[in-house]
Amino acid sequence: QVQVMESGGGLVQAGGSLTLSCGVSGTIFTDKAAGWYRQPPGKQREEVATIGKSGTGYYADSIKDRFVISRDNTKNMVYLQMNNLKPEDTGVYYCTTGIFWPTGYRPDSTWGQGTQVTVSS
């Protein structure tokens, strides 16, 4: 069974940076796409960035040019480098594994506990 564990969240001032990390186990990581989601306070969970098996990243418009998703297949890790953070980036960030369908990224059913990111103005 796939397991993911997120880390790296914290409190940062607007304009600052954070890097989130996600360790993946219980699956053949190189056979999987991966993605980051976030849930702002009082809002629905939303897709932030996804990455294919080859390392190509895809981004939500709201974070494009500020966030970079990457993966290290030798370590079964996924990363989200977040730059120029804004208060609206506040939320719980979740890592997933999954696959790409013609309609888009579909995460696996397993979700981690998430990691809290708080951006102060």
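Two strands are taken to pair if DSSP finds at least two bridges between them. On that basis, the predicted model contains an open sheet of 4 strands in the order β1-β3-β8-β7, with antiparallel pairing. At its edges lie β1 (3-7) and β7 (67-72), each of which pairs on one side only. Neighbouring strands of this sheet are turned against each other by 15° on average, direction ignored.

The edge strand β7 offers a good place to look at the sheet in detail. It runs antiparallel to strand β8 (residues 77-82), and 6 bridges join the two. Within this pairing, Val68 stands opposite Gln81 in β8, while the bridge partner of Ile69 is Leu80. The two strands form a hairpin with 4 residues between them, and Asn76 in the turn has a positive phi of about 55°.

In a regular strand the side chains alternate between the two faces of the sheet. Strand β7 can be read in this way: Phe67, Ile69 and Arg71 point to one face and are buried, whereas Val68, Ser70 and Asp72 point to the other and are not buried. Arg71 therefore belongs to the buried set despite its charged end, and the threshold for buried is under 20% relative accessible area. That charged end sits over the ring of Phe29, 4.3 Å from the ring centre. A second arginine is placed over an aromatic ring elsewhere in the chain: Arg106 lies over the face of Trp101, at 4.4 Å from the ring centre.Aromatic rings also meet one another in this model. A pair of aromatic rings is described by the distance of the centres and the angle of the planes. The structure holds 5 aromatic pairs. In one of them, the ring centres of Tyr37 and Trp111 are 5.1 Å apart and the planes stand at 70°, so the pair is edge-to-face. Tyr37 belongs to strand β4 (residues 33-39) and Trp111 to the loop between β10 (104-107) and β11 (115-120), so this contact ties together parts that are 74 residues apart in sequence. Tyr37 is buried, at a relative accessible area of 10%, while Trp111, at 27% relative accessibility, counts as partly exposed.

Trp111 takes part in another edge-to-face pair, with Tyr94, where the distance is 6.0 Å centre to centre and the angle between the planes is 80°. Because Tyr94 lies in strand β9 (residues 91-101) and Trp111 in the loop between β10 and β11, this pair ties together parts that are 17 residues apart in sequence. Tyr94 is buried, with a relative accessible area of 11%. Taken further, ring pairs link Tyr37, Tyr58, Tyr94, Phe100, Tyr105 and Trp111 into a cluster.

Strand β9 also carries one end of a covalent link. The count of disulfides comes to 1, and the residues that form it are Cys22 and Cys95, with their sulfur atoms 2.1 Å apart. The angle of -80° about the S-S bond makes the link left-handed. Cys22 lies in strand β3 (residues 18-25) and Cys95 in strand β9, so the disulfide ties together parts that are 73 residues apart in sequence. Both Cys22 and Cys95 are buried.

Notes: Residues are numbered from 1 along each chain as its sequence is written. Side-chain values use heavy atoms; hydrogens and water are left out. Rings of Phe, Tyr and Trp (its six-membered ring) pair if their centres lie within 6.5 Å; planes under 30 degrees apart count as stacked, over 60 as edge-to-face and the rest as tilted. Buried means under 20% relative accessible area, exposed over 50%, partly exposed in between (1.4 Å probe, protein chains only). A charge sits over a ring if NZ of Lys or CZ of Arg is within 6 Å of the ring centre and within 35 degrees of the ring normal. Axes are lines fitted to C-alpha atoms, for helices over the stretch in contact, and angles run from 0 to 180 degrees between N-to-C directions. A disulfide is a pair of cysteine sulfur atoms within 2.5 Å.
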